[in-house]
2 protein chains.
Amino acid sequence: MKRKTIEDYVELVYDLQKRGKRVHTNDIASALNIKPASVTEIFQKLDSEGYINYEKYSGVTLTSRGRNLAIRTKKKHQALKEFLILLGVDKQVAEKDACEMEHILDPTTMDIIIKFVEMINRCEITPFWLERFKRFVESGRLEECPPELVMLCQKVQKN
Amino acid sequence: MKRKTIEDYVELVYDLQKRGKRVHTNDIASALNIKPASVTEIFQKLDSEGYINYEKYSGVTLTSRGRNLAIRTKKKHQALKEFLILLGVDKQVAEKDACEMEHILDPTTMDIIIKFVEMINRCEITPFWLERFKRFVESGRLEECPPELVMLCQKVQKN
DNA sequence: CCCGTTTTTTAGGTATGCCTAAACATCGGA
DNA sequence: TCCGATGTTTAGGCATACCTAAAAAACGGG
């Protein structure tokens with residue numbers, strides 16, 4: 001990950017806060033591979049913007065504003081990761097890309113992706129087209145769609 | 001768009017170069033809503049990194065290295081935009097999001113997305129599941145999958 | 001071909017997000 | 001309780017990507 005955003009920090013504070021109490025500069029610094037001194041500055045900024053309660057030398061807790069942002073961000077992250085994995089992206093890569101995408105996508109795009117994941121998850125079986133797609137990604141060769149399936153789809157489409 | 005990357009500039013030079021000859025600071029500046037003075041700096045940097053040939057006061061042309069990067073970037077951009085539009089994202093939004101995504105996605109993810117677009121484009125008809133998905137996005141209600149379709153898919157899957 | 005207009009460059013400035021080194025607080029064992 | 005180890009903050013620095021104002025070059029009509 002390159003440039004970190006407010007959302008990244010808030011999300012991380014949220015995660016670290018769960019298993020324990022207040023979150024300290026060192027916790028963030030070691031998780032993100034930056035220096036504690038930088039985290040202090042970040043804490044000051046996040047505090048001034050109302051996302052955390054910062055007390056010198058004793059770590060931070062999230063405000064409700066911060067918690068909301070963290071939860072929203074985590075949901076986006078989760079949906080994006082699931083989405084990519086569904087398409088056949090490697091889990092590690094999906095994690096990384098989701099982390100970047102969560103900051104840049106338009107809310108309407110995000111919404112569509114969330115719905116996509118939901119649709120797939122609600123299927124009883126992994127859809128045929130998705131299996132076929134993954135085989136395509138694997139092999140580079142796109143197999144023909146079974147003609148009876150094409151015909152049935154056309155028929156269903158008409159109604 | 002916020003921070004612009006090398007790829008953005010190279011891509012833009014490529015586009016502007018096509019209809020005309022050398023590209024000037026003002027062309028870029030007005031296209032990206034930044035000041036000509038900033039473009040001069042960017043030209044100097046791109047020149048030092050071998051993407052463009054920069055001649056003071058007379059604009060730039062792309063090197064082959066620059067042209068390659070531009071073309072690669074444009075392909076990514078195009079595939080991403082198509083991908084989003086396929087899923088039902090508004091064209092304007094798709095344009096914007098594609099522009100951000102093209103810089104951050106892992107090559108393997110990009111490859112999968114390109115294949116996805118290819119798969120859909122090779123279908124004789126818009127796939128049933130995709131139509132169904134778009135109706136879901138529109139209405140918020142996910143209609144049941146026709147049972148005969150589910151059954152056929154299961155059957156096909158077995159072979 | 002000269003001079004005013006337009007375009008481009010230079011020089012210097014701002015904000016941001018990170019850094020290091022050093023000062024400072026806190027914590028826990030002797 | 002004192003002190004050294006550990007953790008945190010401050011101060012100052014660097015790089016980046018933009019900016020403005022002013023100098024310099026190029027352009028083009030009279």
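The paragraphs below go through the DNA-facing surfaces, the interface between the protein chains, and the salt bridges.

This is a predicted model, in which local features need pLDDT of at least 70 and side-chain atom pairs count only at pLDDT 80 or more, while totals for chains, interfaces and linings use all residues. Residues are numbered from 1 along each chain as its sequence is written, chains are lettered from A and ligands numbered from 1 in the order in which they are written, and side-chain values use heavy atoms, with hydrogens and water left out.

Take DNA strand C to begin with. It has 23 residues around it, where a residue is near a strand if one of its heavy atoms lies within 4 Å of it. Those that come nearest are Ser38(A) and Glu41(A) from one chain and Thr40(B), Tyr54(B) and Lys56(B) from the other. Of the atoms of DNA strand C that come within 4 Å of the protein, sugar and phosphate make up 72%.

Several polar contacts (pairs of N or O atoms within 3.5 Å; within protein, one must be able to donate a hydrogen and the other to accept it, and residues adjacent in sequence count only if both atoms are side-chain atoms) can be listed for the DNA. Ser38(A) places a side-chain N or O atom 2.6 Å from a phosphate oxygen of DNA strand C. For the side chain of Tyr9(A), the distance from an N or O atom to a phosphate oxygen of this strand is 2.9 Å. Lys35(A) uses its backbone instead: an N or O atom there lies 3.0 Å from a phosphate oxygen of DNA strand C.

Which helices each supply at least two residues of the surface near DNA strand C? They are helix H3 (36–48) of chain A, and helices H2 (25–32) and H3 (36–48) of chain B. Helices here are DSSP runs (H or I, at least four residues), numbered from the N terminus. By class, this surface has nine nonpolar, seven polar and seven charged residues. In that scheme Ala, Val, Leu, Ile, Met, Phe, Trp, Tyr, Cys and Pro count as nonpolar, Asp, Glu, Lys and Arg as charged, and the others, Gly among them, as polar.

DNA strand D has 22 residues around it, and His24(A), Thr40(A), Tyr54(A), Ser38(B) and Glu41(B) come nearest. Sugar or phosphate holds 76% of the atoms of DNA strand D within 4 Å of the protein, and bases hold the rest. The side chain of Thr40(A) has an N or O atom 2.8 Å from a phosphate oxygen of this strand. Two backbone contacts can be added: a polar backbone atom of Asn26(A) is 3.1 Å from a phosphate oxygen of DNA strand D, and a backbone N or O atom of Lys35(B) is 3.0 Å from one. H3(A) gives the most to the surface near DNA strand D, with five residues.

The two protein chains also meet each other. In chain A, 44 residues are in contact (heavy atoms within 4.5 Å) with 44 residues of chain B. The chains bury about 4,200 Å² between them, 75% of it on carbon and sulfur atoms; buried area is the accessible area (1.4 Å probe) that two parts lose on being put together, summed over both. Across this interface there are six residue pairs in polar contact, both residues at pLDDT 80 or more. On the side of chain A that touches chain B, H8(A) provides the largest share, eight residues. That side divides into 25 nonpolar, seven polar and twelve charged residues.

Side chains of opposite charge can pair when their charged atoms come close. A salt bridge is counted when a side-chain nitrogen of Lys or Arg is within 4 Å of a carboxyl oxygen of Asp or Glu. The count is 14 over all chains, and two between chain A and chain B. Lys96(A) meets Asp106(B) in a salt bridge (3.2 Å, N to O), and Lys96(A) also meets Asp97(A) in one (3.4 Å, N to O). Through shared partners, Lys96(A), Asp97(A) and Asp106(B) are joined into one network. Asp97(A) is buried, with a relative accessible area of 0%, whereas Lys96(A) is partly exposed at 38%. Buried means under 20% relative accessible area, exposed over 50%, and partly exposed in between (1.4 Å probe, protein chains only).
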